[in-house]
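Here's a quick walk through this chain, starting from its core and working outward. Keep the structure open while you read.

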Amino acid sequence: MGLRKDIWRVGIVNSPIHTILERGSLEDMPVVWTPPMRRFCFRADPFGLWRDGKLHVFVEDYDYRVRVGSIDVFIYDAAFNLLEQRKALQTPWHLSYPYIFEAEGETWMLPEAHHSGRLTLYRSVRFPDQWEEAAVIPLGEDIAVDATPFFHDGLWWLFYTPAMRPPAPVGELHLAYAPTLLGPWTRHHANPVRLDSASTRPGGTPCVLNGKVVLPVQDCTYTYGGAIRPLTFDELTPERVRTHAGSPIRRPASYAPYAEGMHTLAAVGDVTLIDTKYTDLSARGIGLQAWREVKKLSRKVLSQSQQKG
């Protein structure tokens with residue numbers, strides 16, 4: 001990881017996603033930000049649900065000292081007053097992108113967890129902070145990043161970017177589809193259906209606008225999570241996929257210093273969740289990176305010494 005640290009924060013925009021996509025801007029839209037964070041920590045990837053008149057905002061909670069994200073939930077009343085914060089899901093591996101949705105009489109979470117080597121769908125046991133593994137979605141050799149499910153025209157669709165080592169020089173968008181949420185899933189024969197670092201990595205909740213599916217995607221041309229663009233599917237069938245990307249959604253100057261990127265646009269009824277970032281290049285951040293490298297070297301020397309012994 002480089003010396004620059006992306007520091008993200010999460011906001012609740014009091015406007016529906018359709019309005020934002022049609023305007024292509026967040027100007028003049030009221031926003032409520034989640035509370036201040038600890039140093040060298042961030043919150044990102046917000047998704048949410050309304051339940052019993054309360055807004056539940058699920059986010060990635062990340063600490064650069066630990067480097068393993070978990071999922072927190074913030075609970076707000078209808079006036080966006082914060083009522084409480086809880087830990088929603090934590091595993092031994094990194095979690096992010098907690099895609100929350102309701103389907104088939106259940107509440108589901110499909111978090112990003114590609115370090116686990118699989119894509120695990122969770123079912124709510126007690127909303128919002130008790131979850132059980134419901135299924136593993138098989139995608140062959142693909143390990144999905146930021147997998148985003150959406151039901152459309154009688155099929156479940158899964159939009160995702162495959163994890164690659166080393167990272168691919170150009171972004172890829174892949175699709176899979178299934179008759180039910182639990183499968184069986186079929187990878188689209190045209191994968192990758194789009195090649196473009198400016199408009200392939202999913203970044204929020206799909207919706208239908210003017211009769212076509214629109215997926216928020218990340219523009220990573222110049223920096224990771226630099227902006228959100230709407231990706232419109234002119235055709236979306238098991239036989240054929242055609243897409244075109246819109247312009248980046250403009251962010252108000254008032255977001256500064258959190259104005260260097262935005263990589264989530266998630267609908268929750270009549271409100272929309274966003275995250276924005278700035279990059280930290282402070283002396284403390286550089287010191288944190290140096291301390292981490294020293295610890296890594298110490299572990300390596302100790303391991304070599306034990307092997308020789």
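## The nonpolar core

Let's begin inside. The largest nonpolar core has 32 residues, and the ones touching the most other members are Ile12, Leu55, Val57, Phe101, Leu119, Leu139 and Leu158. Strand β7 gives the most to this core, with four residues. Bear in mind that this is a predicted model.

Take Leu139 as a way in. Leaving aside residues up to four places away in sequence, Leu139 touches Leu119, Ala144, Leu158, Tyr160, Ala176 and Arg187.

## The chain as a whole

Zooming out, the chain has two helices and 22 strands. Of its 309 residues, 53% are buried. Among contacts between residues at least 6 apart in sequence, 51% join residues at least 24 apart.

## A covered strand, β12

Now for β12, which spans residues 155–162 and is mostly covered: eight of its eight residues are buried. Which residues point which way from β12? Leu155, Trp157, Phe159 and Thr161 go one way, while Trp156, Leu158, Tyr160 and Pro162 go the other, and all are buried. Two of these have already come up: Leu158 and Tyr160 are both among the residues that Leu139 touches.

How does β12 connect to its neighbours? Strand β11 (residues 144–152) pairs with β12 in the antiparallel sense, over seven bridges, and His152 has Leu155 as its bridge partner in β12. The two strands make a hairpin with two residues between them, and Asp153 in that turn has a positive phi of about 55 degrees. β12 also pairs with strand β13 (residues 172–178), again antiparallel, this time over five bridges. In that pairing Leu158 stands opposite Ala176 in β13; Ala176 is also one of the residues touched by Leu139.

## The four-stranded sheet

Next up is an open sheet of four strands in the order β7-β8-β9-β10, with antiparallel pairing. β7 (96–103) and β10 (130–136) sit at the edges with a single partner strand each, so one side of each has no neighbour in the sheet. From one strand to the next, the twist averages 30 degrees.

In the middle of that order, β8 (residues 106–112) and β9 (residues 120–126) run antiparallel and are joined by two bridges. Look for Trp108 here: its bridge partner in β9 is Arg123.

## Aromatic rings

There's plenty to see if you like rings: the count comes to 16 aromatic pairs. One of them is Phe47 with Tyr99, a tilted pair at 5.1 Å centre to centre with 50 degrees between the planes. Why does this pair tie together parts that are 52 residues apart in sequence? Phe47 lies in strand β3 (residues 41–51) and Tyr99 in strand β7, so the pair links those two parts of the chain. Both Phe47 and Tyr99 are buried.

The same two residues belong to an aromatic cluster, formed by Phe47, Tyr97, Tyr99, Phe101, Phe151 and Trp156. Phe101 is also among the core residues that touch the most other members, and Trp156 is one of the buried residues of β12.

## Charges over rings

Finally, two spots where a charged side chain meets a ring. Lys5 lies over the face of Tyr64, at 5.9 Å from the ring centre. Arg39 lies over the face of Phe40, with 4.8 Å to the ring centre.

Notes: Residues numbered from 1 in each chain as written. Predicted model: local features only at pLDDT ≥ 70, side-chain atom pairs only at ≥ 80, totals over all residues. Heavy atoms only, no water. Pairing = 2+ DSSP bridges. Axes fitted to C-alpha atoms, helices over the stretch in contact; angles between N-to-C directions. Phe/Tyr/Trp six-rings, centres within 6.5 Å; stacked < 30°, edge-to-face > 60°. Buried < 20%, exposed > 50% of the residue type's maximum accessible area, 1.4 Å probe, protein only. Lys NZ or Arg CZ within 6 Å of the ring centre and 35° of its normal. Core = buried A, V, L, I, M, F, W, Y, C linked by side-chain atoms within 4.5 Å. Contact = heavy atoms within 4.5 Å.
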